[in-house]
Amino acid sequence: MITFIPLTGFLGAGKTTTMTAAALALQEQGRKVAVITNDQGVELVDTKLVRSKLDSVAEVTGGCFCCKFEDLVEAIVALVASDSVDTVIAEAVGSCTDLQATVVRPLRQYYGDDMVVAPLTTVVDPLRHLAFARAAERGEPESDLSYLFRQQVTEADVIAVNKLDTIKPDRAEELLASLRTGNPKATVVGYSATTGAQLDTLLDAWQAPATNEDVVLDIDYDRYAAAEAQLAWMNQELDLTAAGDGFDATAWARTVLRELSVWAAEHDAVIGHAKITVETADGDFAKLSLTESGAQPTLDRAAEASAPTGRAVVNARVACEPDALDAAVTEAVVAADLATAVTSSATTPVSFKPSYPRPVHRLAPAGA
């Protein structure tokens, strides 16, 4: 019997960091853990970072778990068969919701004899949550993106407030209390996946019974699709060559994200997330991320030394038109090339807007 732990949550909430930190913690407890990443596109930055820390990693690309249900099941079966894992943690696409009906219940109904499905966990970025809350308090109409975020929180068995170290303690307590009041059927925990502080509260929550499994989202799939369609999804690969003996991969990636952050702020474009890895010729790599327009990039991993060549992968999810995002990233790359004395050669950007969500299954609660 294996344990499957499903994670959801808005783009930039820290699902991958949470998944990786939790997997390492569970391995210390003697569990054999595998993880599955998920995205609407391909060439995932997160998968490379996870593989640098964990042995058993798979990915489901080209759509969310709900629309790629068979691919998810195949990935789980393959991990169990090849690596003899007893625990699988999987993170859904950050723009996906309605997972209780389209993923959790189908797994329990069709594979319950072989699998224990842990409580559905929604990972929340406190600053993103507070921004949506402030807009509501001002009486602003609910945006489609805010609507999608609210649905993700509403269906959670566990609301996992990550990055709690980024806000003041009194504000953190106020936020946790507010979420508990507004979501009485959910278990609310706060932690930092980056530092590991209070991560044990999340692991404990996964051992408890699901408390919100009978939830039925009052969800408008047209509006859900409209929310996803507000985001342009862009993946691009670039070959990098130093003008001299070597270049700083970390500095190159940081410059790209800084330029993109400035552009997004100037154009009032909400950044879901933007992530870059640069793998150097000797196999080292840098990874940086950005989750807010106008903010500074976050360093997730630094390349230790300069290198003559490298290969970069850019994943960007931004609320704008695809061609505008392509142009913005192209300009950011030019700036980074000039700043770090690099010549870059890029593939054609693969920018798109997600198609209408069409889940394979959508099951009502038992007895409904």
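Okay, let's start in the sheet: strand β2, residues 33-39, and strand β4 run parallel, joined by four bridges. One of the residue pairs to look for there is I36, whose bridge partner in β4 is A90. Keep in mind that this is a predicted model.

Now, β4 has another neighbour. Strand β1, residues 2-8, also pairs with β4 in the parallel sense, over five bridges. If you want a spot to click on, take L7, which has E91 as its bridge partner in β4.

So how enclosed is β4 by the rest of the structure? Largely, because five of the five residues in this strand, 87-91, are buried. In a regular strand, side chains alternate between the two faces of the sheet. Here both faces of β4 are covered: V88 and A90 are buried on one side, and T87, I89 and E91 are buried on the other.

Next, the core. The largest nonpolar core has 57 residues, and the members touching the most others are F4, I36, F65, L107 and I159. Helix α3, residues 69-83, gives the largest share of this core, with six residues. There's a separate core as well, of 35 residues, including L257, W263, A269 and C320.

Last thing, F4. Which residues is F4 in contact with, leaving aside neighbours within four places in sequence? The list is L72, I76, V88, A90, L107, M115, V116, V117 and A118. Two names there should sound familiar: V88 and A90, the buried pair on one side of β4. And L107 came up too, alongside F4, among the core members that touch the most others.

Key
Residues are numbered from 1 along each chain as its sequence is written. This is a predicted model: local features need pLDDT of at least 70, side-chain atom pairs count only at pLDDT 80 or more; totals for chains, interfaces and linings use all residues. Side-chain values use heavy atoms; hydrogens and water are left out. A nonpolar core is a set of buried Ala, Val, Leu, Ile, Met, Phe, Trp, Tyr and Cys residues joined through side-chain atoms within 4.5 Å. Buried means under 20% relative accessible area, exposed over 50%, partly exposed in between (1.4 Å probe, protein chains only). Contact means heavy atoms within 4.5 Å. Two strands pair if DSSP finds at least two bridges between them.
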